[in-house]
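Dear colleague,

I am handing over a structure to you with this email, and I would ask you to keep it open beside the text while you read. My notes on what was found in it follow directly after it.

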Amino acid sequence: MGESVTGTEGGGLAGVVKAVLLALPLAGLAAPLFVKRLLATTSSMQTPEARVDGRARLIASGTLLGLATGLSAAGLLVWLLPEGILAYLVSFAVAASIFALLSLGLNVQWGYTGLFNIGIAGFFAVGAFTSALVTTAMPAGPLALYSQQLLGLKLPFIAGVGAAAAVSGLVAWLIGLPTLRLRDEYFAVATIGIAEIVRLVFQNERWLANGPQPLRGIPRPLYCLVEDPPCAWLPPPLAAAARLLEPRDYPYVYLVIVTLFVAAAYLATERAIRSPWGRVLRAIREEEAAAAMSGKDVAAFKMQALVVGAMIMGVGGALYAHYLASIDYSHFTPLYGTFLIWVMLMLGGSGNNRGAILGAFVIWGVWTGTAFLTDRLGPTLAAISPQLPARAPYLRYLVIALILELILLFRPQGLLGEERRVSAF
C-alpha cells in the first residue's frame, strides 16, 4: 500500500479498484441484453442502409449502457456486502465460470450433435495437466527428489491454455477414430472408460505429472498485480491502483480472466452454430441417416464436434489448474468431472449456450450450498447415529441426483430450452 495512504483511505480506494474489476464481468452480462433490445428497433428503420448504419451505433450504445450498469452494480455490491461474503461470491463466480466452459464444450458435443460423451473428466484432466506441465519449471535441487514431471517449459499462461486446447483436441481425435462409428450407448461406455484410463495414468505414472502427489507451483496469471511491488510493466497510475490490492484479492483479477474466456467461447460457439456447419450438426443429431443421404460426411462432422467440444473442455481444465495452483488426479473423478457437468447442461437447457452457462451457475450454487447443509445437519445426524455425520457429505450427491431426476421428469428441456435458431448466413 502506498506510504501516503492511510489505512481507512486505502481500504476505501481498494474497494473502488475491486468494483472496477467486478464491473467487467457484470457488464458482460448486461451489455448483450441492452444490445439485443436496441437492435430489435432496427426493424422499424425504413431502408437497409439505415439499418446497417444504425446497427453499429446501437451496438456501441448497448455496450456503453452495459458498462454503466456493470459499474453501478459492482459499486453497490462492494458498498453493501461485507468483505468476507463478497470474497466468497467472487470465488464462487470463478469456479462456476470454469464449469460453464466445460458445460459449453459438452453442449457442442451433445446439445448440437448428439454425441453421448460421459468422459468429460478425461478432457478436463488432460487440459489441466497439459497447461501445468507447459507453464511450470522442471523441479531442481532438493525439490527434484520429491517432485517429478515430464515437462517443465516455463512458458507463459496463454501458451499453456493454447497447449491444453491443442492436446485435448488431439486426444479427442485419437479417441474418435475408433469410437465414433459405434452406436450411442457403446460410444458412451467407451468414453467413460477412456476417461478412467486417463485419470489412472496420471495417478500411477509419477514420471508424467508427479503421480499421486500433487503437482504444485502452477503459475497464476497476472498474480504480480496483487504483489508488492506490483508488475514492473504497469504504467504508474495502474501500478498505484494495484498497490491497493492484497494477495487475498487475487480472485477478483482471475474472475476477469475467466470471464474473457467464457465470453470468447460463448461468442465463438454461437457464431459457429448459426453457420452452415451448425445446421449440419443439428441435422445429424435429429436424423443421421437423412443427413448422410443429403451427401454430408457424418463421421467427419461428428469428429469435428468432438474435437471442438474437447478443446473447450481443455481450456476449462487449464483455467482450473492455474486457479488452484496445485492439482492431482483426485480432482478429476467421474462424479465431479463428468456427472456434475451433465446435470448443469440438462438443467440449463441442452442445445442452448446461455442455458449451459446458467445451469453451471445454478448447479454449482446447489453443490456448494449443500456443503453448508451437511455441516448444519451434523449434530442432528449424530443424535440419530454416531456413524451418520461421517456420511453426511454423501447427501450432496443425493441432492444432485434428485435434481437430475426432477429435471428429467418435469422439465426435460431445461430452464431455457433449446433456442429457436436463426441462421446468420
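Ala 283 is a residue of helix 10, which covers residues 276–286, and with a relative accessible area of 33% Ala 283 is partly exposed. Please bear in mind throughout that this is a predicted model. If residues up to four places away in sequence are not counted, Ala 283 touches Glu 288 and Ala 291. Its C-alpha atom is separated by 8.9 Å from that of Tyr 112, although the two residues are 171 residues apart along the chain.

Ala 321, a residue of helix 12, has a relative accessibility of 0% and counts as buried. Once its neighbours within four places in sequence are left aside, Ala 321 is in contact with Ala 128, Ile 218, Ser 326 and Ile 327. The C-alpha atoms of Ala 321 and Gln 304, which are 17 residues apart along the chain, are separated by 26 Å.

Just after helix 12 there is a backbone detail to look at, in the loop between helix 12 and strand 2 (326–327), where Ala 325 lies. Ala 325 is not a glycine, and yet its phi is positive, at about 70°. Is Ala 325 buried or exposed? Its relative accessibility is 19%, and because buried means under 20%, Ala 325 counts as buried.

A second loop, the one between strand 1 (215–216) and helix 8, holds Leu 222, and Pro 229 lies in that loop as well. Leu 222 is a residue other than glycine with a positive phi, near 60°, and at 36% relative accessibility Leu 222 counts as partly exposed. The peptide bond that leads from Asp 228 to Pro 229 is cis, and its omega is near 5°.

Next comes the disulfide, of which a search of the whole structure finds 1. It is formed by Cys 224 and Cys 231, whose sulfur atoms are 1.8 Å apart, and the link is right-handed, with 90° about the S-S bond. As for accessibility, Cys 224 is partly exposed, with a relative accessible area of 21%, whereas Cys 231 is buried, with 6%.

Helix 5 runs over residues 157–179, and its 23 residues reach 33 Å from the first C-alpha to the last, which is close to the 33 Å expected at 1.5 Å a residue. Among its buried residues are Phe 157, Gly 160, Val 161, Ala 164, Ser 168, Ala 172, Ile 175 and Thr 179. An α-helix has 3.6 residues a turn, so residues three or four places apart point the same way. Against which helices do the buried residues of helix 5 pack? They pack against helix 4 (120–135), helix 6 (184–204), helix 9 and helix 12 (298–324).

Helix 5 also takes part in the lining of the largest cavity, to which helix 4, helix 5 and helix 6 each supply at least two residues. This cavity has a volume of about 50 Å³, and its lining is made up of Gly 119, Gly 122, Phe 123, Val 171, Ile 175, Thr 191, Ile 194, Ala 195 and Val 198. Helix 6 gives the largest share of this lining, with 4 residues. By class, the lining has 6 nonpolar, 3 polar and no charged residues.

Finally, there are the pockets. The largest pocket holds about 1900 Å³ of space, and of the 43 residues that line it, Gly 28, Leu 29, Pro 32, Tyr 266 and Leu 267 are the closest to its centre. Two or more residues of the lining come from each of helix 1 (7–39), helix 2 (48–80), helix 3 (83–111), helix 9 (250–273) and helix 14 (353–384), and helix 1 supplies the largest share, 13 residues. The lining of the largest pocket divides into 32 nonpolar, 3 polar and 8 charged residues.

In the second largest pocket there is about 310 Å³ of space. Its lining has 14 residues, of which Leu 21, Leu 225, Leu 234, Leu 238 and Ala 242 lie nearest its centre, and helix 1, helix 8 (236–242) and helix 9 each give two or more residues to it. How many residues of this lining are nonpolar, and how many are polar or charged? The lining of the second largest pocket has 14 nonpolar residues, no polar and no charged ones.

With best wishes

Technical notes
Residues numbered from 1 in each chain as written. Predicted model: local features only at pLDDT ≥ 70, side-chain atom pairs only at ≥ 80, totals over all residues. Heavy atoms only, no water. Disulfide = S-S within 2.5 Å. Buried < 20%, exposed > 50% of the residue type's maximum accessible area, 1.4 Å probe, protein only. 1 Å grid on protein atoms, 1.4 Å probe; cavity = no way out; pocket = protein on both sides within 12 Å on 5 of 7 lines; lining within 4 Å. Points joined across faces, edges and corners; volume = space filled by probe spheres on them. Nonpolar A, V, L, I, M, F, W, Y, C, P; charged D, E, K, R; others polar. Expected span 1.5 Å × (residues − 1). Contact = heavy atoms within 4.5 Å.
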